[in-house]
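I opened a notebook page for this chain. I wanted to look up its cysteines, its backbone oddities and its overall build.

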Amino acid sequence: MHAQLAPERKPTAEQKGLSVAAEIILTDLRALIADLGKDGGLANGSVYDTAMVVRLAPPEEGTDAAVEWLLSQQHADGGWDNPKVLRARDMPTLAAVLALHVRGKDERARSAVERGLEFIRAQRPHWTVLPEDLLVGVEMNLPRLLDEAQALGLDVPMDQYAAVIEDGKRRREKLGRLKQLHFGTPPALTWDGWGTEPDPALVDPEGGIGPCPAATAAWVRAAQGRPELKELVAKARQYLRNAEAGTNVRLPGVVPATWRIDLMEQEWGLLALLCAGLLAHPQLADVVKPHLDTLEAAFTPRGIGFTKYFMPDGDCTAVTIAVLKAANRPVDMSALNQFKRGNHFYTYPQETHPSLTTTAHAAMALSLAGEDTSSWTRAMLELQSADGRWLIDKWQTSWLYTTTHVMLAIPEPEVMRNSIATLLRCQKKDGGWGADVRSTRLETAFAVLVLHGLRNKGVEEEAIRSALSRANGYLRRTYQPFVMSGEEDLKFLHEDPMWIGKALYHPFRMDRAFELSAMLALALEEG
């Protein structure tokens, strides 16, 4: 049952003039912003990473709790993870099958293994070609899982993955030519897919490999029986224990896809405020300032990443520059130049496919710095579909994220008429938006932020006002105030993950920041 916006509370002196709804949302948002980055970030438990930990580096408490959790995550079709993203399901499903085959103790586990294998075989039609939106590292991780399953006598269809296996071979050959590897680089993040020798140089100061629980678990397994690595193994195991606190599950062995994501929470949390026109709101200033201080201090001549011990990337760098520029903080714009390649910006070196939203965020940052972004606008418009949407991005599954973030980066509304019309047309009967059949709060927030922002660009249309009113109704009806204020509330955090990494993930605070920012922007207009 959803909480209502009913509680009557007398506004503080600073909040006089706000509606009751705006006061509640503002208080909720303040608490959320204050928590950005806390304990390394907060995300859903990852099936893939948990399965790897269960199988390769089980926790001291045993694997029963994590095995039960894995069993509870299997869908009726036999697969694991978000059913809406078909090709993202093979790797976590196979990892879960292997974990349950090795650690399962009863008929439920054996049945889950068989159903998982049936699901994998039914995936054949989706692997005829390699798409652009593959999970990070799948071309190396999936072939290794297939080899391990085959070695255990499991009947896996190697031939249906011929293209991804071949791609993985090419990637391993490239890695083999690297003379020296260090922690905090993309190869470390995917070590579980290619690594064999547990190189101490890959262990970061917190004990993580990547920093990724699956890669760390694989490294721990490879380092077993090596006395000279005993201390590093203990450090890596402590990293895995710490990572358990980065999920909404809080069970031994259940871990997120990546940990830490503290800087990313701060970067995207403030980006949400920026998109809503709230970054400089006086009643948020005291909770925003510490994050601006952190990002300013963490920014280097090479940019900034999603956490301290991982290399800077183009997306985090662009978002941070945009936020710091909007807040009138000093920032070295030249850091963005190193991520330029042709008519786009890349996220990491040696990427096979560019990221459209990284380019959009870079264009946003450049625009805030007063630079001409017309060439980037043209490049992004060339990738637009016939109906005005931008459909594919390598870091997010929803076209609403991709489309709205590109729209936010384009300063001229007249070139987005087709996009605006399609966005309005795609609003659902309940007032929300969703790439699937149902609305989601996050995707609705993305649409609201764009439509609300268009009014600041001089676009005043009755259709937009009506759409925002209906969206406001949907967001209010589905609003659960303060659900992230304590551990007991974490059970409510259950929307399907939409973000793409080594696994699909749901960064709860980051997503909540977009939802509450959109709601507050609408509520403040009510007086």
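**Cysteines**

I started with Cys212 in this predicted model. How far is the sulfur of Cys212 from the closest cysteine sulfur? I get 16 Å, and the partner is Cys316. A disulfide needs the two sulfur atoms within 2.5 Å, so I call this pair too far for a bond. Cys212 has 0% relative accessibility, so I log Cys212 as buried.

Next I turned to Cys316. For the sulfur of Cys316, the closest cysteine sulfur belongs to Cys275. The gap is 15 Å, again too far for a bond. Cys316 is buried as well, at a relative accessible area of 4%. I then took the count for the model: zero disulfides.

**Thr317**

I moved one entry on, to Thr317. Thr317 sits in helix H14, which covers residues 314-326. Its relative accessible area is 0%, so Thr317 goes down as buried. What does Thr317 touch, beyond residues up to four places away in sequence? I noted Phe299, Arg302, Gly303, Ile304 and Pro312. Ala335, Leu336 and Phe339 are also on that list.

**Cis peptide bonds**

I checked omega next. Most peptide bonds are trans. I wrote down two cis cases. The bond from Gly210 to Pro211 is cis, with omega near 0°. Pro211 is in the loop that runs between helix H9 (191-194) and helix H10 (213-223).

The second case is the bond from Trp259 to Arg260, cis with omega near 10°. Arg260 also belongs to a loop, between helix H11 (230-244) and helix H12 (262-275).

**Positive phi**

Then I looked at phi. Most residues other than glycine have a negative phi. Asp81 is not a glycine, yet its phi is positive, about 75°. I find Asp81 in the loop between helix H3 (64-73) and helix H4 (90-103). Is Asp81 buried or exposed? Asp81 is buried, with 13% relative accessible area.

Phe482 is another non-glycine with a positive phi, about 60°. Its loop lies between helix H20 (462-477) and strand E3 (499-500). I log Phe482 as partly exposed, at a relative accessible area of 28%.

**Helix H3**

The loop of Asp81 starts after H3, and I looked at that helix too. Which residues of H3 are buried? My list has Ala66, Val67, Trp69, Leu70 and Leu71. An α-helix has 3.6 residues a turn, so residues three or four places apart point the same way. I then looked for what covers the buried residues of H3. The cover includes helix H2 (47-56), H4 and helix H5 (107-122).

**His452**

His452 came next, in helix H19 (residues 441-456). At 10% relative accessibility, His452 counts as buried. Setting aside residues up to four places away in sequence, I see His452 touch Leu468, Ala521, Leu522 and Glu525. I also took a distance to Phe482, the positive-phi residue noted above. His452 and Phe482 are 30 residues apart along the chain, and their C-alpha atoms are separated by 24 Å.

**Gly193**

I finished the single residues with Gly193, found in helix H9. Gly193 is buried, with a relative accessible area of 0%. Its contacts, without neighbours within four places in sequence, are Met140, Asn141, Arg144 and Arg172. Between the C-alpha atoms of Gly193 and Thr478 I get 40 Å; along the chain these two residues are 285 apart.

**Whole chain**

Last, I stepped back. I count 21 helices and four strands. The radius of gyration is 23 Å, close to the 24 Å that the globule rule gives for 527 residues, so the chain is as compact as a globular protein of that length. Along the principal axes, the C-alpha atoms fill a box of roughly 65 × 50 × 45 Å.

What share of the 527 residues counts as buried? I get 58%. I took contacts between residues at least 6 apart in sequence, and 71% of them join residues at least 24 apart. The chain exposes about 21100 Å², with 52% of it supplied by carbon and sulfur atoms.

I closed with charge. I tallied 58 positive and 68 negative side chains. The centres of the two sets lie 0 Å apart.

Conventions
Residues are numbered from 1 along each chain as its sequence is written. This is a predicted model: local features need pLDDT of at least 70, side-chain atom pairs count only at pLDDT 80 or more; totals for chains, interfaces and linings use all residues. Side-chain values use heavy atoms; hydrogens and water are left out. Helices (H or I, at least four residues) and strands (E, at least two) are DSSP runs, numbered from the N terminus. The radius of gyration is taken over C-alpha atoms; the globule rule is 2.2 Å times the number of residues to the power 0.38. Buried means under 20% relative accessible area, exposed over 50%, partly exposed in between (1.4 Å probe, protein chains only). Contact means heavy atoms within 4.5 Å. Accessible areas come from the Shrake-Rupley method with a 1.4 Å probe; for residues, only the protein chains shown count as cover. Lys and Arg count as positive and Asp and Glu as negative; His and the chain ends are not counted. The place of a charge is taken as NZ of Lys, CZ of Arg, CG of Asp or CD of Glu.
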